[in-house]
Amino acid sequence: MAKSISLRVNGRTVRIVQPGHLTVAAVLARSGLDHLHRSVELAPRAPVCGMGSCFECRVTIDGRPYQRACQVLATHGMEIESDV
Ligand code: FES
């Protein structure tokens, strides 16, 4: 049976039916965010590698800044903030 979790993304509640373990990056993609921050030239930046190397998925998770969303499993009640 699929498990449902809810978390907050930029102040908005997102409910995810979690068939297995999903990373925060996967949850953010499912929630419709197409970029998470901007470059110094203000170009939109989004996750690239999905394996912890590019740092393009940096978000704040439960008040901890600069977390790589592709390396953290999403859990019920998480508070996630992107820079956009
Ligand atoms: S997507 Fe590259 S470090 Fe997360």
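This section describes the strand order, the nonpolar core, a salt bridge and selected residues of a predicted model.

The central element is an open sheet of five strands. Their order is S2-S1-S7-S5-S6, and the pairing is mixed. Strand S2 (12-18) and S6 stand at the edges. Each has a single partner strand, so one side of each is left without a neighbour in the sheet. On average, neighbouring strands are turned by 40 degrees against each other, with direction ignored. Strands of a sheet pair through backbone hydrogen bonds, in either a parallel or an antiparallel sense.

At one edge, strand S1 (residues 3-9) runs antiparallel to S2. Seven bridges join the two. Within this pairing, Leu7 has Val14 as its bridge partner in S2. Ile5 stands opposite Ile16, also in S2. The two strands form a hairpin with two residues between them. Asn10 lies in the turn and has a positive phi of about 50 degrees.

At the other edge, S5 and S6 pair in the antiparallel sense over three bridges. Val59 stands opposite Gln67 in S6. These strands also form a hairpin, again with two residues between the strands. Here Asp62 takes a positive phi near 50 degrees. S5 pairs with S7 as well, in the antiparallel sense and over two bridges. In that pairing, Thr60 stands opposite Glu81 in S7.

Glu81 lies in strand S7 (residues 79-81). With a relative accessible area of 46%, Glu81 is partly exposed, because this value falls between the 20% limit for buried and the 50% limit for exposed residues. Not counting residues up to four places away in sequence, Glu81 touches Asn10, Val59 and Thr60. Asn10 is the turn residue of the S1-S2 hairpin, while Thr60 is the residue opposite Glu81 in the sheet. The C-alpha atoms of Glu81 and Arg68 are separated by 12 Å. These two residues are 13 apart along the chain.

The largest nonpolar core holds 20 residues. Leu7, Val24, Leu28 and Ile80 touch the most other members. S1, S2, helix H1 (24-30) and S5 each supply at least two residues. H1 gives the most, with four residues. Val24 touches Ile61, Ala69, Val72, Leu73, Ala74, Met78 and Ile80, with residues up to four places away in sequence left out. Ile80 thus appears both among the best-connected core members and among the contacts of Val24. Leu7 is likewise one of those core members, and its bridge partner in S2 is Val14.

The structure holds one salt bridge. It joins the side chains of Arg45 and Glu56, with an N to O distance of 2.7 Å. The pair links distant parts of the chain, 11 residues apart. Arg45 is in strand S4, and Glu56 is in the loop between S4 and S5. The two partners differ in exposure. Arg45 is partly exposed, at 31% relative accessible area. Glu56 is buried, at 13%.

Glu56 also takes part in a second interaction, through its backbone. The side chain of His37 reaches the backbone oxygen of Glu56 at 3.1 Å. His37 lies in strand S3 (residues 37-38). At 4% relative accessibility, His37 is buried. Leaving aside neighbours within four places in sequence, His37 is in contact with Ala43, Pro44, Arg45, Phe55, Glu56, Arg58, Asp83 and Val84. Both salt-bridge partners, Arg45 and Glu56, are therefore among the contacts of His37.

Two further residues have an unusual backbone angle. Most residues other than glycine have a negative phi. Phe55 has a positive phi, near 60 degrees. Phe55 lies in the loop between strand S4 (44-45) and strand S5 (58-61). Phe55 is partly exposed, at 38% relative accessibility, and is one of the contacts of His37. Tyr66 also has a positive phi near 60 degrees. Unlike the loop residue Phe55, Tyr66 is placed in a strand, S6 (residues 64-68). Tyr66 is exposed, with a relative accessible area of 67%. Its strand, S6, stands at an edge of the sheet.

Notes
Residues are numbered from 1 along each chain as its sequence is written. This is a predicted model: local features need pLDDT of at least 70, side-chain atom pairs count only at pLDDT 80 or more; totals for chains, interfaces and linings use all residues. Side-chain values use heavy atoms; hydrogens and water are left out. Buried means under 20% relative accessible area, exposed over 50%, partly exposed in between (1.4 Å probe, protein chains only). Two strands pair if DSSP finds at least two bridges between them. Axes are lines fitted to C-alpha atoms, for helices over the stretch in contact, and angles run from 0 to 180 degrees between N-to-C directions. A polar contact is a pair of N or O atoms within 3.5 Å; within protein, one must be able to donate a hydrogen and the other to accept it, and residues adjacent in sequence count only if both atoms are side-chain atoms. Contact means heavy atoms within 4.5 Å. A salt bridge is a side-chain nitrogen of Lys or Arg within 4 Å of a carboxyl oxygen of Asp or Glu. A nonpolar core is a set of buried Ala, Val, Leu, Ile, Met, Phe, Trp, Tyr and Cys residues joined through side-chain atoms within 4.5 Å.
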